Amino acid sequence: MAKRFSNKVILITGAASGIGRAAALRIASEGGSLIISDRNIDSGREVAREALERGAPAANTIAFDAADAQSCAEMVDQAVSIHGRLDCLINNAGVLKRGHFLEMTAADWSLVVSVNLTSLFHIIQRALPSLISSRGNVVSTASTAGIEGISYYTAYAASKAGVIALTKSLAAEYAPAGVRFNAICPGRVRTDLGAGVPPVRDANPDIVVRPSKLLGKTAGAEPEDIAGAFAYLASADACFTSGTILVVDGAQTAG
Ligand SMILES: NC(=O)c1ccc[n+]([C@@H]2O[C@H](COP(=O)([O-])OP(=O)(O)OC[C@H]3O[C@@H](n4cnc5c(N)ncnc54)[C@H](O)[C@@H]3O)[C@@H](O)[C@H]2O)c1
C-alpha cells in the first residue's frame with residue numbers, strides 16, 4: 001500500500017474503538033506516526049500496539065476527557081510535544097443520547113454538545129498554531145444526522161450540524177494559511193456508540209432512520225468501510241479539498 005503518511009504525525013481522538021480505531025489502523029498501514037487520545041486508555045493502548053504491527057513508526061497514547069476544556073488543551077500540548085510537530089488532527093471522539101425530546105434532560109444535552117462539538121473548539125484552537133506551521137489539516141467526524149436531522153437524537157444531530165458549520169467556517173478562515181478543514185458524515189456504522197444507551201421507548205417506526213442497502217449492509221457499515229475516507233482527506237491526495245463534507249453512508253440518505 002502507498003505510504004501517504006511517511007514522516008507525518010496524526011493526532012486522532014476517540015481512536016480506542018470503532019471508526020477512530022479503523023481510521024488509525026488504516027493511517028498506520030500507510031506509515032503515519034499516530035497519537036491516539038481517548039478516555040478509554042486501556043483500549044487505546046491496544047490500538048497503539050496494533051498500529052505498530054500495521055507499520056506505524058510510532059504510536060503514542062494520551063488519556064483525556066473531551067468534556068473537559070483543560071483536559072483537551074493539555075492533551076493537545078502533550079501530543080505536540082511528542083514529535084515537536086503535528087500534521088493532522090482527526091476529531092472523532094463522540095457520544096450519543098437518545099429519546100423523546102420532551103424527556104431529554106439539560107445534562108444530557110450539555111454532555112453531547114460538550115463532547116461532540118465544544119471539544120473541537122478547545123482542541124482545534126490549541127492545535128492550530130502547530131497546524132499552521134506544518135500547513136496541516138483537520139478531519140472531523142460529523143454524521144448524516146448533522147445534515148438531515150434524526151428523530152429521537154436531537155442533541156446528537158444538533159452537535160453534528162455544529163461540526164459541519166465549524167468545519168466550513170474554519171476552512172474559509174484558514175485557507176490563506178494553508179490549513180485544510182474537512183468533515184466526514186458516516187451513516188449508520190456498527191460500533192459501540194450506542195452501547196449502554198437505552199433504546200428509544202415507543203419509537204414511531206415511521207420516523208426512524210432508513211437502512212443502507214449497499215453491499216447488503218442493512219444493519220450498518222463496518223468501521224473499516226469508512227476508514228479510507230479519513231485517509232484520503234488527511235493525506236496530500238486531498239491537497240485542494242477543504243470545506244468538504246464527505247458523506248459515507250452507502251446511499252442511506254440518497255434518493
Ligand atoms: N456509529 C455510527 O453509526 C456513527 C455514525 C455517524 C457518526 N459517528 C461518529 O463517529 C465517531 C466515533 O464513534 P463510533 O461510532 O466509532 O463509536 P465508539 O463508541 O466506538 O467510539 C467513540 C470513541 O470516543 C471515545 N469517547 C467518548 N467520549 C469521550 C470523552 N468524553 N473523552 C474522550 N473520549 C471519548 C470513546 O471512548 C470511544 O473510543 C463519533 O463522533 C460518532 O458520533 C458514528
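These are my notes on the ligand site and the pockets of this structure.

**Entry 1: the model**
I'm working from a predicted model, and I started with the ligand.

**Entry 2: who sits around the ligand**
I pulled up the shell first. It holds 29 residues, and Ser-17, Ile-19, Asp-38, Tyr-156 and Thr-191 come nearest to the ligand. I then sorted the shell by class and got 13 nonpolar, 10 polar and six charged residues.

**Entry 3: polar contacts**
Which atoms of Ser-17 and Ile-19 face an oxygen of the ligand? For Ser-17 it's a polar side-chain atom, 2.7 Å from a ligand oxygen. For Ile-19 it's a backbone N or O atom, with a ligand oxygen 2.8 Å away. I also noted Leu-193, where a backbone N or O atom lies 3.5 Å from an oxygen atom of the ligand.

**Entry 4: cover**
How much of the ligand's accessible area does the protein cover? On its own the ligand has 820 Å² of accessible area, and the protein covers 94% of that.

**Entry 5: where the ligand sits**
I checked the ligand against the pocket list: the space it takes is the largest pocket. Two elements give two or more residues to the ligand shell, namely helix H1 (18-29) and helix H6 (154-174).

**Entry 6: the largest pocket**
I read off about 1300 Å³ of space for the largest pocket. Its lining runs to 50 residues, and those nearest its centre are Leu-96, Tyr-156, Thr-191, Leu-193 and Gly-194. Next I looked for elements that give two or more residues to this lining, and found H1, helix H4 (106-134), helix H5 (145-148) and H6. H1 has the largest share, with three residues. By class I have 22 nonpolar, 17 polar and 11 charged residues in the lining.

Tyr-156 and Thr-191 went into my notes twice: they are among the residues that come nearest to the ligand, and also among those nearest the centre of the largest pocket.

**Entry 7: the second largest pocket**
I gave the second largest pocket a look too, and its volume is about 340 Å³. It is lined by 22 residues, of which Arg-135, Gly-136, Asn-137, Arg-180 and Cys-239 are the closest to its centre. I sorted this lining as well: 10 residues are nonpolar, seven polar and five charged.

Technical notes. Residues are numbered from 1 along each chain as its sequence is written. This is a predicted model: local features need pLDDT of at least 70, side-chain atom pairs count only at pLDDT 80 or more; totals for chains, interfaces and linings use all residues. Side-chain values use heavy atoms; hydrogens and water are left out. A residue is near a molecule or strand if one of its heavy atoms lies within 4 Å of it. A polar contact is a pair of N or O atoms within 3.5 Å; within protein, one must be able to donate a hydrogen and the other to accept it, and residues adjacent in sequence count only if both atoms are side-chain atoms. Accessible areas come from the Shrake-Rupley method with a 1.4 Å probe; for residues, only the protein chains shown count as cover. On a 1 Å grid over the protein atoms alone, a cavity is a set of points where a 1.4 Å probe fits but cannot get out, and a pocket is an open set with protein on both sides within 12 Å along at least five of seven lines; lining residues have an atom within 4 Å of a point. A molecule sits in a cavity or pocket if more than half of its atoms lie within 2 Å of its grid points. Helices (H or I, at least four residues) and strands (E, at least two) are DSSP runs, numbered from the N terminus. Ala, Val, Leu, Ile, Met, Phe, Trp, Tyr, Cys and Pro count as nonpolar, Asp, Glu, Lys and Arg as charged, and the others, Gly among them, as polar. Grid points are joined across faces, edges and corners, and a volume is the space filled by probe spheres set on the points.
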